[in-house]
Amino acid sequence: MKNKSMRIQAILLAVIAVIALSICHPIIGAGAETAGSEADTTGKKVYFAGPLFNDAEKDYNLKIVTILESYGYEVFLPQRDGFLAPEIGEMTAEEKTKIIFEKDKDEVLKADIVFVNLDGRAPDEGACVELGIGYQAGKRCYGIKNDARAAELGMDINPMITGCLTKLFYNLDGEELIKSLEEYLKENSL
């Protein structure tokens with residue numbers, strides 16, 4: 001039963017990503033780079049995607065973003081720079097959804113880089129959609145993970161997610177993961 005539930009969740013994540021790409025494709029197809037084309041490797045605008053539904057997730061996201069910003073990257077962090085549904089005010093759920101989706105999609109498309117926190121038993125659904133939009137638009141995509149929970153047996157991350165990534169920073173020791181990210185940034189650009 002547990003394996004069936006995990007497979008269903010993995011399929012749902014894939015369906016969400018496909019829907020997002022099909023919705024956004026006409027928008028990003030007009031003049032934007034597409035996957036497989038030569039991407040600009042000099043831009044330093046980052047869209048940071050990840051779970052942001054409790055204080056621990058928000059604190060971790062901010063810790064990674066602070067590191068990126070200390071290396072000169074201009075980072076859009078949705079929990080800080082975007083809209084959170086509970087804070088929007090008196091609107092219908094549909095209105096809030098539209099505002100959040102449009103803002104985050106636009107910021108992904110403005111960015112040069114999509115950097116995704118992939119922690120969780122399964123990566124955050126919204127972050128997966130943002131990654132898909134960025135990948136399709138030809139953005140450089142990076143991931144970070146220090147959580148051993150897996151959505152598929154024998155694989156920590158779905159290949160449809162890792163296939164989008166230029167590089168994955170992965171270490172189950174959180175402090176070592178942070179060190180490896182900082183060491184990489186000392187020697188390389190994202």
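Contact here means that heavy atoms lie within 4.5 Å. With that meaning in hand, the reader can follow one residue of this predicted model: leaving aside its neighbours within four places in sequence, Ala 127 is in contact with Ala 49, Gly 50 and Val 116. Ala 127 belongs to helix H6, which spans residues 125-136. Its relative accessibility is 1%, and Ala 127 therefore counts as buried. The C-alpha atom of Ala 127 is separated by 7.8 Å from that of Asn 117, and these two residues are 10 residues apart along the chain.

The chain as a whole may now be considered. It contains 8 helices and 5 strands. Read from the N terminus on, the order of these elements is α-β-α-β-α-α-α-β-α-β-α-β-α. The chain has 190 residues, of which buried residues make up 40%. Its accessible surface comes to about 10200 Å², and carbon and sulfur atoms hold 55% of that surface. Among the contacts with a separation of 6 or more, 75% are made by residues 24 or more positions apart.

Val 46 offers a second residue to examine. Its place is in strand E1, which covers residues 45-49. Because its relative accessibility is 2%, against a limit of under 20% for a buried residue, Val 46 counts as buried. The sequence places Val 46 and Phe 115 at 69 residues apart, while their C-alpha atoms are separated by 6.7 Å. Phe 115 is also one of the residues in contact with Val 46 once neighbours within four places in sequence are left aside. The other residues in contact with Val 46 on that basis are Leu 68, Tyr 73, Glu 74, Val 75, Phe 76, Ala 111 and Ile 113.

Helix H6 returns in the packing of two helices. Two packed helices are described by the angle between their axes and the distance between the axes. Helix H5, residues 93-110, packs with helix H6 at an angle of about 40 degrees, and the axes are 9 Å apart. That angle makes H5 oblique to H6, because angles under 35 degrees count as roughly parallel and those from 65 to 115 as roughly perpendicular. The crossing of the two helices, H5 and H6, is right-handed.

The residues that meet at this crossing can be named from each side. H5 contributes Asp 104, Lys 105, Val 108 and Leu 109, and H6 contributes Glu 130, Ile 133 and Gly 134. By character, the residues of the contact of H5 with H6 divide into 3 nonpolar, 1 polar and 3 charged.

How values were computed
Residues are numbered from 1 along each chain as its sequence is written. This is a predicted model: local features need pLDDT of at least 70, side-chain atom pairs count only at pLDDT 80 or more; totals for chains, interfaces and linings use all residues. Side-chain values use heavy atoms; hydrogens and water are left out. Axes are lines fitted to C-alpha atoms, for helices over the stretch in contact, and angles run from 0 to 180 degrees between N-to-C directions. Helices (H or I, at least four residues) and strands (E, at least two) are DSSP runs, numbered from the N terminus. Angles under 35 degrees count as roughly parallel, over 145 as roughly antiparallel, 65 to 115 as roughly perpendicular and the rest as oblique. A crossing is left-handed if the near helix is turned anticlockwise from the far one by less than a right angle, and right-handed if clockwise. Ala, Val, Leu, Ile, Met, Phe, Trp, Tyr, Cys and Pro count as nonpolar, Asp, Glu, Lys and Arg as charged, and the others, Gly among them, as polar. Buried means under 20% relative accessible area, exposed over 50%, partly exposed in between (1.4 Å probe, protein chains only). Accessible areas come from the Shrake-Rupley method with a 1.4 Å probe; for residues, only the protein chains shown count as cover.
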